[in-house]
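Colleague: I would like to go through the salt bridges and helix contacts here. Can we take them one at a time?

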Amino acid sequence: MERHFLNQERLKAILQEDSVKEPFLDYFRKMAERLLFADEVYGTKDKQLFQLKEWNKEWYEQILPSEYDVCYGNPDYARNVFGEEFGDILCFLYAEIQGCFVYAVEGQLFELTIMNELFLEIYQLFLEGDVQRKTAKQVIFDHMRDYSQELCYNRVREQLDPCVSSASDIVMKEDLDNTDVLYLYGEYVSENETKMLSFLNSLPKERMKEIAKTFVDGYHDGFIINNIDMSKKTTVNIRYHLGFEPIIREAALQFQEIGLTPILYRGTTGVITRGMSKVGYISTSPNPQFEYDHRFDQALFFNKAFMSHKLESYRNAYEKLKEEAAAFAGPACMETFGELPFTPENKETALRLSEKQQKLSVEYQNESGRIANEYMKPEERSFTIIAYPIPEIGENFEAIFEEVAKVNTLDKEKYKKIQQHLIDALDQGMEVHIKGAGENETDLYVAMHELEDPEKETNFENCLADVNIPVGEVFTSPKLNGTSGVLHVSEVYLRDLKFIDLRLVFKDGMITEYSCRNFESEEDNKAYIKQNLLYNRETLPMGEFAVGTNTTAYAMAQKFGILYQLPILIVEKMGPHFAVGDTCYSHSEATELHNPDGKEIVAKSNCFSEKGEYFNCHTDITIPYSELGDIKAVRADGSRIDIIRQGRFVLEGTEELNEALDEADDGAAGLDCE
């Protein structure tokens with residue numbers, strides 16, 4: 001508190017000083033005002049909702065798309081004003097300060113104090129004159145290293161200790177009928193969040209309980225189906241989008257009934273604890289381009305020494321919280337979809353990882369994953385994922401929400417029988433041949449593991465909407481040797497990023513070539529894929545092959561014209577899909593699993609996981625039925641079993657799935673006529 005008070009006094013003095021030359025003077029005065037604004041929010045006792053609402057709008061206004069062209073957080077603008085020497089440094093500092101509003105609302109004095117101190121250290125360099133880029137970067141490196149121990153511990157504790165989150169009180173105790181309650185989080189609040197909360201408040205309470213029950217039952221079923229003992233577990237993390245609080249409240253109560261205390265924590269803001277994607281509760285981004293521009297901000301200080309220290313910090317955090325880690329049952333994720341499509345601008349001025357840093361980043365991902373799995377053993381925990389639309393999807397939002405709710409509760413028994421027919425046929429193949437239709441260039445052979453005892457073993461899991469909702473796929477971990485060919489899809493959204501004409505070439509299960517058409521430059525396209533699909537690796541293996549059977553979901557997508565707005569969670573059930581990265585059974589290969597017919601699932605590993613090598617990523621890419629030609633199981637003697645022919649299921653026992661496809665075609669034709 002004493003440090004914080006001294007910082008405030010120094011920040012106030014900056015507003016009166018003029019020793020720093022322009023254009024830097026304007027920057028430092030505005031940033032000092034911004035930090036004092038956050039300090040005022042922190043220092044205001046008994047914050048009123050109307051105050052938080054006004055503060056929220058004022059804070060986030062600067063990075064909205066309408067203001068971004070002249071924002072110091074925009075790397076193009078920062079470079080233009082401050083030049084190449086200091087543009088990226090001051091832009092980086094702006095992005096770190098941006099997170100202070102959340103800290104202020106939450107009452108995080110430590111985070112506010114050290115951010116003030118970093119800013120003042122950089123200001124002092126410019127005040128003294130003749131500042132060197134190398135010196136400024138060293139100040140940032142020292143700051144990040146000095147505080148990584150505390151910040152890593154705080155982040156791990158947020159994830160494992162239900163007592164530290166103020167969000168639990170918001171969800172469980174506040175009056176959710178008042179949409180202004182959303183401003184208690186400190187996160188950006190848009191119409192998505194307020195309209196979502198208003199809509200859910202209009203539904204009967206029993207409806208909320210039903211939706212929550214699907215979510216919680218899927219989670220609980222994961223432990224039962226995978227033969228995992230849940231009696232030793234006491235906590236579950238619920239990840240959700242702001243505005244879904246009525247459902248989350250009901251889910252929390254139902255989780256408590258099965259012995260699990262919910263943990264609610266927000267997605268990270270600071271560069272030290274930021275991962276490949278936001279994990280926790282989130283809201284609509286005020287500006288996706290701002291987040292994209294700053295995704296590699298660690299490039300300013302990330303080196304082997306820092307990586308080693310950060311890994312040590314995380315290990316120390318987990319060691320201190322090992323009892324809490326052992327009691328953690330896993331995440332329950334309520335994802336959303338419907339945001340306006342975002343295709344990022346690839347800015348030369350944005351920070352990016354060097355080739356050496358990319359390799360270190362991959363090493364860090366692998367090592368940090370090992371540490372987490374050492375304390376939270378994958379074979380002892382489970383998860384569930386479900387998805388719903390947000391109002392931004394359009395005027396049919398309420399109708400789409402109801403259709404998605406139906407898709408999420410389809411008859412498991414019906415699909416269990418249909419999918420068993422698929423598995424029985426696919427298990428006869430030594431490989432599966434997938435071809436696209438029309439302009440889709442997919443021509444791919446996926447190799448299957450050899451079954452030693454086909455009467456008792458199977459390659460494919462009969463997926464029935466337990467951990468992975470909705471129902472509708474059979475999947476396997478393919479054999480890499482022999483998996484070769486081209487995977488192509490005209491348009492796909494992966495982790496909220498759009499890929500146009502994504503084309504991957506596989507040789508013995510590994511990506512050997514890749515391209516897309518997002519940008520004019522081939523170099524930019526390759527960099528886009530490497531950064532956002534390969535996560536800075538040179539290649540990744542095919543970790544999964546699946547056949548989606550949820551033609552009802554596909555018909556819904558065609559009916560409302562939302563195919564390319566749906567999340568991969570639903571899209572992967574709407575055609576064959578292929579994951580690059582780890583298998584679906586990553587770190588849990590030793591767990592014995594059986595399908596409803598009693599056969600043991602044996603295709604859970606590949607040549608990497610058998611050696612204990614993991615990539616800590618798994619990204620699904622789906623070919624929609626409209627771009628699909630044929631899927632055939634190829635026997636050892638060369639004979640073929642038709643599964644799908646020209647986009648229609650032809651295998652005996654699966655023809656019923658075509659009814660929804662025919663309905664989808666009729667709906668699409670109607671839309672074309674309109």
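Colleague: Which residues are linked with Arg207 in a network of salt bridges?

Modeller: Keep in mind that this is a predicted model. A salt bridge here needs a Lys or Arg side-chain nitrogen within 4 Å of a carboxyl oxygen of Asp or Glu. Arg207 belongs to a network of such bridges, and its partners there are Glu210 and Glu402.

Colleague: How many salt bridges does the count come to?

Modeller: The 4 Å cut-off between nitrogen and carboxyl oxygen decides what is included. By this rule the count comes to 34.

Colleague: In the salt bridge of Asp161 with Arg157, which residue is buried?

Modeller: The closest N and O atoms of this pair are 3.1 Å apart. Buried means under 20% relative accessible area. Arg157 has 32%, so it is partly exposed. At 12%, the buried residue is Asp161.

Colleague: How many residues apart in sequence are the parts that Lys412 and Asp221 tie together?

Modeller: The closest N and O atoms of Lys412 and Asp221 are 3.6 Å apart, and the pair forms a salt bridge. Lys412 lies in helix α17 and Asp221 in helix α10, so the parts tied together are separated in sequence by 191 residues.

Colleague: Is Glu538, the salt-bridge partner of Lys530, buried or exposed?

Modeller: The closest N and O atoms of Lys530 and Glu538 are 2.8 Å apart. Lys530 has 16% relative accessibility and counts as buried. Exposed means over 50%. At 54%, Glu538 counts as exposed.

Colleague: Lys530 is among the buried residues of α18. What covers the buried residues of this helix?

Modeller: Helix α18 spans residues 522–532, and its buried residues also include Tyr528 and Ile529. Their cover includes two helices and two strands: α12, α15, β11 and β12.

Colleague: At the start of α18, which backbone nitrogen does a side-chain oxygen of Ser521 reach?

Modeller: The oxygen comes from the Ser521 side chain. It reaches to within 3.1 Å of the backbone nitrogen of Glu523.

Colleague: Is α16 roughly parallel or antiparallel to α19?

Modeller: The axes of α16 and α19 come within 10 Å and cross at roughly 170 degrees. Angles over 145 count as roughly antiparallel. That makes α16, relative to α19, roughly antiparallel.

Colleague: How many nonpolar residues does the contact of α16 with α19 have?

Modeller: On the α16 side, Ile400 and Val404 are among the residues that meet α19. Met556 and Phe560 are among those from α19. The contact has one polar and two charged residues, and its nonpolar residues number seven.

Definitions and conventions. Residues numbered from 1 in each chain as written. Predicted model: local features only at pLDDT ≥ 70, side-chain atom pairs only at ≥ 80, totals over all residues. Heavy atoms only, no water. Buried < 20%, exposed > 50% of the residue type's maximum accessible area, 1.4 Å probe, protein only. Helix = DSSP H or I, 4+ residues; strand = E, 2+ residues; numbered from the N terminus. Contact = heavy atoms within 4.5 Å. Polar contact = N/O pair within 3.5 Å; in protein donor to acceptor, adjacent residues only side chain to side chain. Axes fitted to C-alpha atoms, helices over the stretch in contact; angles between N-to-C directions. Parallel < 35°, antiparallel > 145°, perpendicular 65-115°, else oblique. Nonpolar A, V, L, I, M, F, W, Y, C, P; charged D, E, K, R; others polar.
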